[in-house]
Amino acid sequence: MKKVLVANRGEIAIRIIRACRIMHLTSVAIYSTADKKALHVKLADQAICIGAASPENSYLNQQNILAAAKITQADAIHPGYGFLSENAEFAKLCEKEGIKFIGPSSHVIEIMGQKAVARKTMLNAGVPIVPGSEDDFQSLEKGIRFANQLGYPLMLKASAGGGGKGMRLVHSAEEFKKEFLLAQNEAKHAFSDGHMYLEKYLSHPRHIEVQVIADQFGNAAALGERDCTIQHRHQKVLEEAPAVALDNESRKKMFAISVEAIKSIHYEGVGTLEFLFEGPGQFYFMEMNTRLQVEHPVTELTSNENIVDLQLRIAAGQKLPFSQKNIRIKNFALECRIMALTPGKIKVLHLPGGNGIRIDTALYQGYIVPANYDALIAKIIAYGPDRTTVISQMQAALDETVIYGIQTNLDFLTQLVHEPKYLDNDTDINWLDTLMENT
């Protein structure tokens, strides 16, 4: 593997390009007409325009991306997160063309991308799952039948979903018809797939995810867990590692079953198993993300492993350089997601730095944030010896951050990291929504 095409944009494209540079791999950036002056275009060894501003014509255009790989003679494609990173069809096309897709096989992406199939697969691998419908469905009638069997309240979810899209909480049979139509329409728009499934609603869980990694030779390990409980409308707002609410016995069990599960499906690369945690010994599999996560930096800073570097090495056919017994979790890390609430030109930019602060971003002063893509524009990560210290570092870092020219969520995040219940870690996945409704 000598040349890697980065099939993404923004901060994650820059993260991958930098990893390629360190490993002496040639990087190829793709860009849309809206991203001609984007930072990832400037940093890559080569850059090629693949289409118009809309994602469908550029970053989701599989044929154009493959054509760019052939033109530049790239022998591997790193999909980052979002866009085509969990698209089994695209991975299959890469396999057909002899281009290494940096991630698991198209078969694994397919089975784990269909949430109902993933649930069955994990159940067969011995992973506890949230009670739910036996199969996915597209018709209202079949959905109602499953709902009546499961009982209310329940979660209605898109089978091909992610990021909170196509998801609804349903309290009664009267609500089901309305919520089903809304969720299915949203799923069709977001994923071109109207299959839905049901899960029993758990009222006060925490959202814990396990970072896993596996090579091409059957070696696998868990690099640690993250607490992603703080969410607004099913969208993650900030993430922590390790999860201080997780007891050691549950942690060990989560790691063990996660590693055995990915071995059972012959997984390759990095991935994340997501769980709902209700207390010691009470955790249930929700879904698996067969890609790099937005929040991977907190795991890097607590495990002292370079996850993107490992992705590239595994794709190149190298073995994992460690086993589970070698993993030592040190420090505490907290990541806040900086979101653009409006498009526009960055007129003034000052980002924090110093000991215990990491910034992942594609911003620069004068950059024009386009309206066409995901709103994430930067990640501020604080790390240190313990949660209390790191939260104080994050509070200071957010206070120091200046982004003028567009509206962002900085004020919201600043208020959030001072909330008493957040400071006390007295939260669940519904806490932030409830707080905002009552404010």
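A salt bridge is a side-chain nitrogen of Lys or Arg within 4 Å of a carboxyl oxygen of Asp or Glu. Keep that in mind as you look at this predicted model, which holds 24 salt bridges. Let's walk through a few of them.

Start at Lys 236. Glu 295 forms a salt bridge with Lys 236, and their closest N and O atoms are 2.7 Å apart. Along the chain these two are distant: Lys 236 is in strand E12, while Glu 295 sits in the loop between strand E15 and helix H10, 59 residues apart. Both Glu 295 and Lys 236 are buried.

Lys 236 has another partner, too. Glu 274 also makes a salt bridge with Lys 236, this time with the closest N and O atoms 3.3 Å apart. Glu 274 belongs to strand E14 and Lys 236 to strand E12, so this pair ties together parts that are 38 residues apart in sequence. How do we know they are buried? The cut-off is under 20% relative accessible area, so Glu 274 counts as buried at 3%, and Lys 236 does as well at 18%.

Now hop over to Arg 337, which pairs with Glu 239, with 2.7 Å between the closest N and O atoms. Here strand E16, home of Arg 337, is linked to strand E13, home of Glu 239, and the two residues are 98 apart in the chain. Arg 337 is buried at 13% relative accessibility, and Glu 239 is buried at 0%.

Finally, put the pieces together. Salt bridges with shared partners join Glu 209, Arg 226, Lys 236, Glu 239, Glu 274, Glu 295 and Arg 337 into one network.

Note on methods: Residues are numbered from 1 along each chain as its sequence is written. This is a predicted model: local features need pLDDT of at least 70, side-chain atom pairs count only at pLDDT 80 or more; totals for chains, interfaces and linings use all residues. Side-chain values use heavy atoms; hydrogens and water are left out. Helices (H or I, at least four residues) and strands (E, at least two) are DSSP runs, numbered from the N terminus. Buried means under 20% relative accessible area, exposed over 50%, partly exposed in between (1.4 Å probe, protein chains only).
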